[in-house]
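Student: Could you pick one spot in this model and take me through it closely, then work outwards to the rest of the fold? I'd like it as one connected story rather than a list.

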Amino acid sequence: MTAPPLRVLVVDDEPPIRKLLRMGLGTQEYRVIEAPDGRTALDLMREKPDLIILDLGLPDMEGLELLRTIRARNESVPIVVLSSRADEVAKVQALDLGADDYVTKPFSMPELEARVRVALRHYQSREASEGASVLQVGDLVVDISHHWVTVGGRLVELTPREFALLAFLARRPGRVLTHGAILAEVWGADGAGHVEYLRVYTRSLRRKLADDRANPRLVTEPGVGYRLIARP
């Protein structure tokens, strides 16, 4: 039996954008559900979309507030923000509120389709690893119970703080985690505002994981945060 098409909820007040997404995603065999405003988007959550593409400039409510509301109702559905706001502040706010990715307008349809595929793939990885004691991201394995890490079968010795940082990233593969979110999780209240901690510890992690600068697994999102990906 053929699986039903994945449902993508597109929340955007511009009809040409919705039409473009409907046609582009339709060719990839997604079923597109459209909402021109926030109220309609909340009503359409009953359709249980597999992914949401969300514009922040909506006529009836602030897009970030809608993002917050959606996340309160559904902690796991992948959300890709599609917005003309290109400043780092907007990106950090959206990602801190639970967006999985952020694409700025104008955009190319192939790029957006790729971001959608990646968000769905990482969602499936997160679902599989939820509650798991052993996390795997490509050739990187993090054993939560035994507190050890291997890369390509090679045992890597980490400090407790390095391990906590890596485990937090590995729980959310592919997702951009902001500086604030990482500091709050790994350092608690003592880490607030201390982005320099992350520079020191990510530099150490990259060295111990033998990360290739040209093809890294620990990716820096300038001015925003970090993401851990499966290196090809």
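Tutor: Let's start at P106, in the loop between β5 (101–104) and α5. This is a predicted model, so treat the backbone details below as features of the prediction. What joins K105 and P106 is a cis peptide bond, with omega at about -5 degrees. That deserves a second look, because most peptide bonds are trans.

The loop with P106 leads into α5, and α5 (residues 109–129) takes us to the cavity. With five residues, this helix gives the most to the lining of the largest cavity. In fact the count comes to one cavity of 30 Å³ or more, and the volume of the largest is about 50 Å³. Ten residues line it, and the closest to its centre are D100, V118, A119, H122 and G174. Is that lining mostly nonpolar, polar or charged? Charged, as it turns out: six of the lining residues are in that class, against two nonpolar and two polar.

Now move further along the chain, to α6 (160–170). Eight of its 11 residues are buried, so α6 is largely enclosed by the rest of the structure. E162, F163, L165 and L166 are on that buried list, and so is the run A167, F168, L169 and A170. Notice that a glutamate, E162, is counted among them.

Helix α6 also helps to cover the next helix, α7, whose buried residues are contacted by β10 (177–178), α8 (195–208) and β12 (225–228) as well. In α7 (residues 179–186), the buried residues are H179, I182, L183 and V186. They span an arc of only 95 degrees around the axis, which means they sit on the same side of α7. Just past the end of α7, G188 has a positive phi of about 70 degrees.

For a view of that packing from the other partner, try L198, which lies in α8. Its relative accessibility is 0%, so L198 counts as buried. Leaving out residues up to four places away in sequence, L198 touches H179, I182 and L183, along with W187, R203 and Y226. So three of the buried α7 residues show up again here, because H179, I182 and L183 are on both lists. L198 and I182 are 16 residues apart in sequence, with 8.4 Å between their C-alpha atoms.

Two more backbone spots belong with P106 and G188 on your checklist. Most residues other than glycine have a negative phi. E29, in the loop between α1 (15–27) and β2 (31–35), has a positive phi near 70 degrees. A210, in the loop between α8 and β11 (218–221), also has a positive phi, near 55 degrees. Their surroundings can be put in numbers too: E29 counts as exposed at 63% relative accessibility, while A210 counts as partly exposed at 48%.

Finally, zoom out. The protein has eight helices and 12 strands, and 45% of its 232 residues count as buried. Its C-alpha atoms fill a box of roughly 55 × 45 × 30 Å along the principal axes. For a compact globule of 232 residues you'd expect a radius of gyration near 17 Å, and the 18 Å of this protein agrees with that. Among contacts with a separation of 6 or more, 57% come from residues 24 or more positions apart.

Definitions and conventions. Residues are numbered from 1 along each chain as its sequence is written. This is a predicted model: local features need pLDDT of at least 70, side-chain atom pairs count only at pLDDT 80 or more; totals for chains, interfaces and linings use all residues. Side-chain values use heavy atoms; hydrogens and water are left out. On a 1 Å grid over the protein atoms alone, a cavity is a set of points where a 1.4 Å probe fits but cannot get out, and a pocket is an open set with protein on both sides within 12 Å along at least five of seven lines; lining residues have an atom within 4 Å of a point. Grid points are joined across faces, edges and corners, and a volume is the space filled by probe spheres set on the points. Helices (H or I, at least four residues) and strands (E, at least two) are DSSP runs, numbered from the N terminus. Ala, Val, Leu, Ile, Met, Phe, Trp, Tyr, Cys and Pro count as nonpolar, Asp, Glu, Lys and Arg as charged, and the others, Gly among them, as polar. Buried means under 20% relative accessible area, exposed over 50%, partly exposed in between (1.4 Å probe, protein chains only). The arc is that of the directions from the helix axis to the C-beta atoms. Contact means heavy atoms within 4.5 Å. The radius of gyration is taken over C-alpha atoms; the globule rule is 2.2 Å times the number of residues to the power 0.38.
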